[in-house]
Amino acid sequence: MSEKHLCIGLSLSPTWLNGWGWRKKDSSAERIFSADFYIELTKKAEEAKLDFVFKPDALFLHPERVNVSPAMGGLDPTLLMTMLAEHTSQIGLVTTVSTTFNPPYVIARQLQTLHRLSGGRAGWNIVTSIEGADNFGHKNMPSSEERYNRAKESVEVIRKLWRSYPAEALLVDRAEGIFADKEKIHPIDYKGDFYDVKGPLNLPAHLAGELPLFQAGASDAGREFASGVASGIFAATPTIESAISYRQDLRNRAMSKGRDADDISVLPGLSLFLGNTTAEANALYRDAFAHLSHEQQLAMVRRILGVDLSGFAKEDKVTAANIPHDNQQMHSKTHAELLKDYIVKNEPTVQQLLSRPEVISSAHWIIIGTAEEAAQQIEYWLDKGAIDGFIALPGGSISSLQLFFDELLPLLVEKGLFREEYESDTFIKNLTKQKN
Ligand SMILES: Cc1cc2nc3c(=O)[nH]c(=O)nc-3n(C[C@H](O)[C@H](O)[C@H](O)COP(=O)(O)O)c2cc1C
């Protein structure tokens, strides 16, 4: 049995409503833009002693899909987390903010505000985004290289801003008449390729310490960036092999930058299709993707790899020779590389390719089964060094979410893989404790 504890987060993006899941009677789909939906969920997550709740984000809507789905629509995650801070006291609150579209002073200020209002429980998932340029006055998305260069600079500016007004500078010494120690508050005078920021930030840091950074995006540039700054990685790893090699690579890169390998927790998204029996779970999984037409699946492959398979028969094989080498239209190298790797190693038929998680569900790790079966698989991945924890994405139906809370988490506690009580009341300290 593993000596390690899992770090577990829950996505507040209601993944169990994907596909036709929202049409189920008990789906609560009409509540996804209202406060009580997220308050209930987050309170439940805190009762279960989860490390954090997490909200992915998009800065665009797909109007052509609003008739059948939320179409990437959603509440602003930082405002949402600020509201959730008021209703909870120990769980971490990880918001998503894109460095491609937001100026660093605004990001620094909003995140520090969340950190202060939550008593030191904020976390930031740094994304460089794959769509949305035309909502910000740009014709096209900047290249992946530019997005990561910008992200690196943005994080540098933001950390300097957080340190420009340290927590200890705030004195409120009534007797001496000193509100804050002027000597400890400094401008940052930053001038880089993208940003020119004077500072200091206009609010003090929190005594709990700097808020932990998370990152998603596994291209070479993404890994270089993450290994230098991130504490948590939201990973897309559909197979145990991809998870082991990704985690090892990030640990090596972190060490080469003078960090401890254990400073980084690799947390794959984990799509959980849980049933009371294996057959029930299989049916949930099958139904979750039944709404996708052959054409929609082909369009997904086109989007990820830039390859058009519409002239192929379902039983035709797809090989490396079918993949274009220099696809400039590629949105996410992470997803493209995962799918390429699968094709090269397996030479699947079109039918097999179209049912892959990389095509139908964001390339996440998928477990289909009972809570007992899920607990065994999670323990296996942990033992093999594939994960430090995971971000739960319950799928198919709200029943998967219920089984996650009612059966899977208690089983992980029973196995000694997850905590029974919070060790501390700040997210940062809980994250650190998990590693012991
Ligand atoms: C698992 C995963 C989750 C992501 N979540 C988001 C998100 O919530 N919002 C967003 O704008 N971009 C998100 N992204 C996109 C990344 O921030 C990044 O822009 C994209 O993956 C391209 O970088 P790459 O070439 O390193 O993959 C995500 C990427 C991955 C792999």
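Reader: Which residues form one aromatic cluster with Trp16?

Author: The model discussed here is predicted, and its aromatic rings are paired when their centres lie within 6.5 Å. By this rule there are 15 aromatic pairs. The cluster that contains Trp16 is completed by Phe37 and Tyr38.

Reader: Is the aromatic pair of Phe52 and Phe427 stacked, tilted or edge-to-face?

Author: The ring centres of Phe52 and Phe427 are 5.8 Å apart, with 50° between the planes. Planes under 30 degrees apart would count as stacked and planes over 60 as edge-to-face, so an angle that falls in neither range is given the remaining class. The pair of Phe52 and Phe427 is therefore tilted.

Reader: How many residues apart are Phe52 and Phe427, and where do they lie?

Author: Phe52 belongs to strand 2, which covers residues 52-54, while Phe427 belongs to helix 14, which covers residues 427-434. Both residues are buried. The pair links distant parts of the chain, and the separation is 375 residues.

Reader: Why is the pair of Trp365 and Trp381 classed as it is?

Author: Trp365 lies in strand 12 (residues 365-369) and Trp381 in helix 12 (residues 371-383), so their pairing ties together parts that are 16 residues apart in sequence. Trp365 and Trp381 are both buried. Because their ring centres are 3.7 Å apart and their planes are at 10°, the pair is stacked.

Reader: Over which ring does the charged end of Arg356 sit, and at what distance from its centre?

Author: Two arginines can be described in this way, and for Arg23 the charged end sits over the ring of Trp20, 4.6 Å from its centre. For Arg356, the ring is that of Tyr342, and the distance from its centre is 3.9 Å.

Reader: Which helix gives the most to the shell around the ligand?

Author: The ligand is surrounded by 19 residues, the closest being Asp57, Thr128, Tyr148, Ser219 and Thr334. By class, this shell has seven nonpolar, nine polar and three charged residues. Helix 4 (144-164) and helix 9 (333-346) each supply at least two residues of the shell, and the helix that gives the most, with three residues, is helix 9.

Reader: What percentage of the ligand's accessible area does the protein cover?

Author: Polar contacts to the ligand include a nitrogen atom of the ligand 2.6 Å from a polar backbone atom of Asp57, and an oxygen atom of the ligand 3.1 Å from a polar backbone atom of Ser129. A polar side-chain atom of Ser332 also lies 3.2 Å from an oxygen atom of the ligand. Of the 610 Å² of accessible area that the ligand has on its own, the protein covers 92%.

Methods:
Residues are numbered from 1 along each chain as its sequence is written. This is a predicted model: local features need pLDDT of at least 70, side-chain atom pairs count only at pLDDT 80 or more; totals for chains, interfaces and linings use all residues. Side-chain values use heavy atoms; hydrogens and water are left out. Rings of Phe, Tyr and Trp (its six-membered ring) pair if their centres lie within 6.5 Å; planes under 30 degrees apart count as stacked, over 60 as edge-to-face and the rest as tilted. Helices (H or I, at least four residues) and strands (E, at least two) are DSSP runs, numbered from the N terminus. Buried means under 20% relative accessible area, exposed over 50%, partly exposed in between (1.4 Å probe, protein chains only). A charge sits over a ring if NZ of Lys or CZ of Arg is within 6 Å of the ring centre and within 35 degrees of the ring normal. A residue is near a molecule or strand if one of its heavy atoms lies within 4 Å of it. A polar contact is a pair of N or O atoms within 3.5 Å; within protein, one must be able to donate a hydrogen and the other to accept it, and residues adjacent in sequence count only if both atoms are side-chain atoms. Accessible areas come from the Shrake-Rupley method with a 1.4 Å probe; for residues, only the protein chains shown count as cover. Ala, Val, Leu, Ile, Met, Phe, Trp, Tyr, Cys and Pro count as nonpolar, Asp, Glu, Lys and Arg as charged, and the others, Gly among them, as polar.
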